[in-house]
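Visitor: Before we look at the model, I would like to hear how its descriptive terms are justified. Please take me through the reasoning step by step.

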Amino acid sequence: AEVVHTATLLHDDVIDGAEVRRDGAAANRRFGNTVAILAGDALLSDVMFQLATHGHPELLMSLCGVLKDACRGEGLQHELIWRIPPSLGPYLRVMELKTASLFRWCGSVGLTLARHPARDAARAYLGKLGLLFQISDDLLDVVGTDSKERWMDLREGRLNAVTWRLVHAEPDLRARVEASFSQRRPDHGLTWAFEDHPRLPAAVADTRRAMRWLAGEAERDLA
């Protein structure tokens, strides 16, 4: 599972043109895109080989499904660049495909092998945990941390679970985003439009409330 995650990060950083990963230079920055992609492919092929030779057939098939989900999620995320979707649904779908799917696989391996009757409930819990993980990442993109730069999604032409709420509620800001996105290039002034908007704290608070609700649903699944 950790090797799969590392492989997806190698690929993600090439797609996003990232320069930093875990407080150091991203592999594509240090070694170039070709080496980064080949390294990711090598890791994924080794995972498939290890599971095929030493693992359980059901786990191999389900992990193949996870990898398909990851590719579909990345494709959908690419389609959302420079766009304002009509709902949060597409963002949640990307989170489901790129993150929640792997969370479910990781946490249900033992339950799968044991044929445990609680497997479905555990998978439901793990899926919600994956969504919470990614919504938290969207929130940190807006509020920032010591190690995470703010507004990176906007600079890459993407809204997220927090900024979409604000754009959806404020027609003037939506017009500003549409004008910026229509140019299909980063607009540094756009981050200031969000930074200074008086309703930004409300959008952050709405996101936190949604996360608390989702956490409550996850706890019920776990119980």
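Visitor: Which exposed residues does the face of H10 turned away from its buried side carry?
Guide: In this predicted model, that face of H10 carries His 188 and Trp 192, and to be called exposed a residue needs over 50% relative accessible area.

Visitor: Which residues of helix H10 are buried, and what makes them line one face of the helix?
Guide: Within helix H10, which spans residues 188-195, the buried residues are Leu 190, Thr 191 and Phe 194. Viewed down the axis of H10, these buried residues fall within an arc of 100 degrees, and they therefore line one face of the helix. As general background, an α-helix has 3.6 residues a turn, so residues three or four places apart point the same way.

Visitor: What do the buried residues of H10 pack against?
Guide: They pack against helix H7 (152-155), helix H8 (163-169), helix H9 (171-182) and helix H11 (200-222).

Visitor: Why is Ser 180 called buried?
Guide: Ser 180, which is found in helix H9, has a relative accessible area of 5%, and since buried means under 20%, Ser 180 counts as buried. Leaving aside neighbours within four places in sequence, Ser 180 is in contact with Arg 185, Asp 187 and Leu 190, and Leu 190 is itself one of the buried residues of H10.

Visitor: Why are H4 and H5 called roughly antiparallel?
Guide: Helix H4 (residues 57-79) and H5 pack at an angle of about 165 degrees, with their axes 8 Å apart. Angles over 145 degrees count as roughly antiparallel, and H4 and H5 are therefore described in that way. H4 passes H5 in a left-handed crossing, and the residues of this contact divide into 12 nonpolar, 5 polar and 6 charged.

Visitor: Why, then, are H5 and H6 called oblique to each other?
Guide: The axes of helix H5 (residues 89-114) and helix H6 (residues 119-143) cross at roughly 140 degrees and come within 7 Å. Roughly antiparallel requires an angle over 145 degrees and roughly perpendicular covers 65 to 115, so H5 and H6 are oblique to each other. H5 passes H6 in a right-handed crossing, and the residues of the contact of H5 with H6 divide into 11 nonpolar, 7 polar and 5 charged.

Visitor: Which residues meet where H5 contacts H6?
Guide: Those in H5 include Leu 92, Met 95, Phe 103 and Leu 111, and those in H6 include Ala 122, Leu 126, Phe 133 and Ile 135.

Key. Residues numbered from 1 in each chain as written. Predicted model: local features only at pLDDT ≥ 70, side-chain atom pairs only at ≥ 80, totals over all residues. Heavy atoms only, no water. Axes fitted to C-alpha atoms, helices over the stretch in contact; angles between N-to-C directions. Helix = DSSP H or I, 4+ residues; strand = E, 2+ residues; numbered from the N terminus. Parallel < 35°, antiparallel > 145°, perpendicular 65-115°, else oblique. Left-handed = near helix turned anticlockwise from the far one by under 90°. Contact = heavy atoms within 4.5 Å. Nonpolar A, V, L, I, M, F, W, Y, C, P; charged D, E, K, R; others polar. Buried < 20%, exposed > 50% of the residue type's maximum accessible area, 1.4 Å probe, protein only. Arc of directions from axis to C-beta.
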